[in-house]
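Hi everyone, thanks for coming. Let's look at one model together and talk about the surroundings of its ligand.

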Amino acid sequence: MKVAVYPGTFDPVTNGHLDVIHRALSLCDRLTVGVAIREEKKPLFPAEERAEIIRQVLKNEPRVEVETFDGLLTDFAKKHNATFLIRGLRAVSDFDYELQMALTNRKLAPDTDTVFLMTAENYIFISSSLVKEIARLGGDISELVPSAVEEALHKKFS
Ligand code: COA
């Protein structure tokens with residue numbers, strides 16, 4: 001059984017993340033989405049709410065589980081018996097940071113590899129911060145995020 005972990009802050013999850021999740025599912029039998037708590041990033045949504053939104057969006061996908069985590073990603077992956085980590089690449093600018101993280105994680109857990117998936121081109125410009133800014137300023141985010149996120153953001157900013 002091939003198990004993968006897809007980590008991120010997901011504050012909130014976007015259609016770009018969901019695109020990566022669907023691509024990852026064609027490579028593994030089970031995917032654990034790891035929602036990093038990351039208080040230092042001052043997230044808009046508490047970690048458990050970020051996780052719950054993803055669970056709701058992916059409720060028809062039995063091969064996905066969603067859990068929050070603190071601490072090292074490699075420990076979280078080990079706990080879930082994951083043999084690879086998934087990361088999405090949007091543009092060349094993501095590469096340096098991702099390479100550094102992948103090599104650090106390989107140092108910490110030599111048996112765990114990182115698999116990079118190219119995000120679909122219509123989502124390469126999206127980031128969670130951008131989505132939050134558009135929502136805060138009253139713009140249309142319906143094509144960037146699932147409806148559960150749209151509702152959650154409207155509630156936050158209304
Ligand atoms: N579509 C849309 N947006 C995407 C995306 C995609 N496919 N891939 C990344 N992004 C965006 C995110 O929305 C986020 O945007 P924001 O900065 O505006 O919020 C940004 O890119 C960063 O992506 P994210 O996936 O949230 O990564 P991160 O850098 O916040 O998360 C962790 C990094 C959680 C994986 C990393 O910090 C970690 O592993 N932490 C655990 C501690 C640890 O083990 N440290 C050692 C690791 S080397």
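Before we count anything, here is how residues are sorted: Ala, Val, Leu, Ile, Met, Phe, Trp, Tyr, Cys and Pro count as nonpolar, Asp, Glu, Lys and Arg as charged, and the others, Gly among them, as polar. By that sorting, the shell around the ligand has 9 nonpolar, 12 polar and 4 charged residues.

This is a predicted model, where local features need pLDDT of at least 70 and side-chain atom pairs count only at pLDDT 80 or more, while totals for chains, interfaces and linings use all residues. Residues are numbered from 1 along each chain as its sequence is written, and side-chain values use heavy atoms, with hydrogens and water left out.

So who is around the ligand? Altogether 25 residues surround it, counting a residue when one of its heavy atoms lies within 4 Å. The closest are Thr 9, Arg 38, Tyr 97, Ser 128 and Ser 129.

Now the polar contacts, meaning pairs of N or O atoms within 3.5 Å. The side chain of Arg 87 places an N or O atom 3.1 Å from a ligand oxygen, and the side chain of His 17 does so at 3.4 Å. From the backbone, an N or O atom of Ile 126 is 3.3 Å from a ligand nitrogen. The ligand alone exposes 940 Å², and the protein buries 85% of that (areas by the Shrake-Rupley method with a 1.4 Å probe).

One last stop: Asp 19 and Arg 23 form a salt bridge, 3.0 Å from N to O (the cut-off is a side-chain nitrogen of Lys or Arg within 4 Å of a carboxyl oxygen of Asp or Glu). The structure holds 11 salt bridges.

Note on methods. A polar contact is a pair of N or O atoms within 3.5 Å; within protein, one must be able to donate a hydrogen and the other to accept it, and residues adjacent in sequence count only if both atoms are side-chain atoms.
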